[in-house]
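Grab a pencil and open the viewer. Below are some exercises to work through, each with a solution you can check yourself against.

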Amino acid sequence: MSKVVNGKEIKNFPWEECPQGFDGPIWRYSKNPIIDRHPVENVSRVFNSAPVPFGDGYIGVFRGDNVDDIPHLYVGHSKDGIHFEIEKEPIKFVNEKGENVETGYQYDPRVIPFEDYFLIVWCDELCGPTISIAKTYDFKKFVKFDNPFLPYNRNGVIFPRKVNDKFLMLSRPSDSGHTAFGDIFLSESKDLTYWGRHRVVATKGYEWWCALKIGAGPVPIELDDGWLVFIHGVNRTCNGYVYSIGALILEKDDPSKLKYRCKNFLMTPEESYETTGFVPNVIFPCSALVDAPTGRIALYYGASDTYTALAFTTVDRVVEYIKKHSR
Ligand code: BMA
């Protein structure tokens with residue numbers, strides 16, 4: 001059995017037991033979606049978002065596509081990790097001098113609890129999509145690092161601690177559109193601004209469900225025998241793309257090395273809120289909370305680029321499944 005290390009006990013953890021007779025690796029929350037359309041003025045859809053524990057409740061950075069379709073990032077608050085209130089105004093980022101920095105769009109945030117602060121990583125605009133990083137202590141002031149990545153790149157997520165004295169980031173270099181370039185890389189940095197020593201971690205196309213591309217999802221979960229990484233994988237069908245959720249386990253001391261790659265998806269769009277919406281057949285995970293003593297995992301995912309939904313599993317159940325179905 002794998003154990004969570006460096007994890008915490010999370011009080012008031014969002015949880016629902018596995019339905020009787022269900023034998024898949026992950027089960028959905030019965031009251032999904034947890035965020036419906038038009039949750040706040042000027043926002044038509046909230047999805048692909050990242051809640052984290054904060055104080056005696058939860059906070060998060062949420063992707064809100066506005067009524068003109070342009071995505072921006074919003075702070076959201078919750079007592080129970082299920083019912084969220086989204087702030088009315090999008091996050092305003094400042095640079096290290098305290099000056100406002102604005103870009104045309106921001107989407108798909110990940111929030112990394114790191115020592116006594118939080119890092120936010122998202123897809124930002126720099127002559128096309130690329131990765132931005134900001135730091136916050138209080139979810140009120142967000143200080144943005146000075147363009148750490150070149151375009152084009154998406155799906156960046158930083159490990160929750162330094163490994164061998166370096167910050168580590170998974171990302172997915174790409175082009176400016178929805179085409180291939182779908183492999184996951186690992187990069188290192190001493191200071192979060194300068195990144196290098198890039199390594200390929202996992203490539204697309206190892207199974208049909210991820211034939212077109214793969215991308216890292218939530219913050220990697222540290223286990224005693226590796227890093228558990230939920231990913232999304234994209235298949236190309238005659239009727240459009242299908243986004244499923246999968247998983248990798250990376251080596252603990254050198255996460256550029258793949259230990260296990262689950263050949264099956266863990267979850268694929270099946271429920272109506274996943275198959276019908278702004279972009280049908282998309283499930284896209286951006287946050288996984290783990291309660292260290294019980295090994296319970298709450299996985300937040302965007303559904304059909306329209307809703308925010310929640311699913312559950314445990315470390316034992318999902319790791320056993322990945323190992324059993326690994327190539
Ligand atoms: C990807 C990203 C995601 C989105 C997905 C499906 O390229 O833009 O934000 O959920 O496409 O539309």
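What follows is a set of exercises on this predicted model, each with a worked solution.

**Exercise 1. Work out whether the radius of gyration of the chain agrees with that of a compact globule.**

Start with the chain length, which is 327 residues. A compact globule with that many residues would have a radius of gyration near 20 Å. Now take the value for this chain, 18 Å, which agrees. For a second view, look along the principal axes: the C-alpha atoms fill a box of roughly 55 × 45 × 40 Å. Next, check burial: 47% of the 327 residues are buried. Finally, look at contacts with a sequence separation of 6 or more: 51% of them link residues 24 or more positions apart. As for secondary structure, the chain has two helices and 23 strands.

**Exercise 2. Trace the open sheet that contains β3, and find which strands lie at its edges.**

Step one is the order: β2-β3-β4-β5, four strands with antiparallel pairing. Step two is the edges: β2 (43-54) and β5 (85-86) each pair on one side only.

Step three is to walk through the pairs.
- β2 and β3 run antiparallel and are joined by nine bridges. Here Arg-45 sits opposite Asp-65 in β3.
- β3 and β4 are antiparallel too, over eight bridges. Asp-65 turns up again, this time opposite Pro-71 in β4.
- β4 (residues 71-78) and β5 are antiparallel and share two bridges. Gly-76 has Ile-86 in β5 as its bridge partner.

Step four is the turns. The β2/β3 hairpin has two residues between its strands, and Gly-55 in the turn has a positive phi of about 60°. The β3/β4 hairpin has four residues between its strands, and there Asp-69 takes a positive phi near 80°.

Last, check how covered β3 (residues 57-66) is: eight of its ten residues are buried.

**Exercise 3. Find the residues that touch the most other members of the largest nonpolar core, then follow Tyr-301 outwards.**

A bit of background first: in soluble globular proteins, nonpolar side chains tend to be buried together. In this model the largest nonpolar core has 92 residues. Those touching the most other members are Ile-120, Val-121, Ile-158, Val-229, Ala-247, Leu-299 and Tyr-301. Strand β19 (residues 240-250) gives the most to this core, with seven residues. Now pick Tyr-301 and skip its neighbours within four places in sequence: its contacts are Ile-245, Ile-283, Phe-284, Pro-285, Ala-309 and Ala-311.

**Exercise 4. List the residues that come nearest to the ligand, and sort the shell by residue type.**

Ten residues surround the ligand, and Asp-108, Val-279, Val-282, Phe-284 and Asp-305 come nearest. By type, the shell divides into five nonpolar, three polar and two charged residues. Phe-284 and Asp-305 each link this to another exercise: Phe-284 is a contact of Tyr-301, and Asp-305 is touched by Phe-278.

**Exercise 5. Is Phe-278 buried, exposed or partly exposed, and what does Phe-278 touch?**

First locate Phe-278: it is in the loop between α1 (272-275) and β21 (283-291). Then count: 15 other C-beta atoms lie within 10 Å, so Phe-278 is partly exposed. Leaving out residues up to four places away in sequence, Phe-278 touches Arg-45, Ser-304, Asp-305 and Thr-306. Of these, Arg-45 is the residue opposite Asp-65.

**Exercise 6. Examine the backbone at Asp-165, Ser-304, Pro-33 and Tyr-152.**

Keep the usual case in mind: most residues other than glycine have a negative phi, and most peptide bonds are trans.

Begin with phi. Asp-165, not a glycine, has a positive phi of about 70°. Asp-165 is in the loop between β12 and β13 (167-173) and counts as exposed because it has 7 C-beta neighbours inside 10 Å. Ser-304, also not a glycine, has a positive phi of about 50°. Ser-304 is in the loop between β22 (296-303) and β23 (307-314), but with 25 C-beta neighbours inside 10 Å it counts as buried.

Then turn to omega. The peptide bond from Asn-32 to Pro-33 is cis, with omega near -5°, and Pro-33 is in the loop between β1 (27-28) and β2. The bond from Pro-151 to Tyr-152 is cis too, with omega near -5°. Tyr-152 is in the loop between β11 (142-144) and β12 (153-158).

Methods:
Residues numbered from 1 in each chain as written. Near = placed C-beta within 6 Å. Nonpolar A, V, L, I, M, F, W, Y, C, P; charged D, E, K, R; others polar. Rg over C-alpha atoms; globule rule 2.2 N^0.38 Å. Buried ≥ 20, exposed ≤ 12 C-beta atoms within 10 Å, placed from the backbone. Contact = placed C-beta atoms within 7 Å. Pairing = 2+ DSSP bridges. Core = buried A, V, L, I, M, F, W, Y, C linked by C-beta atoms within 7 Å.
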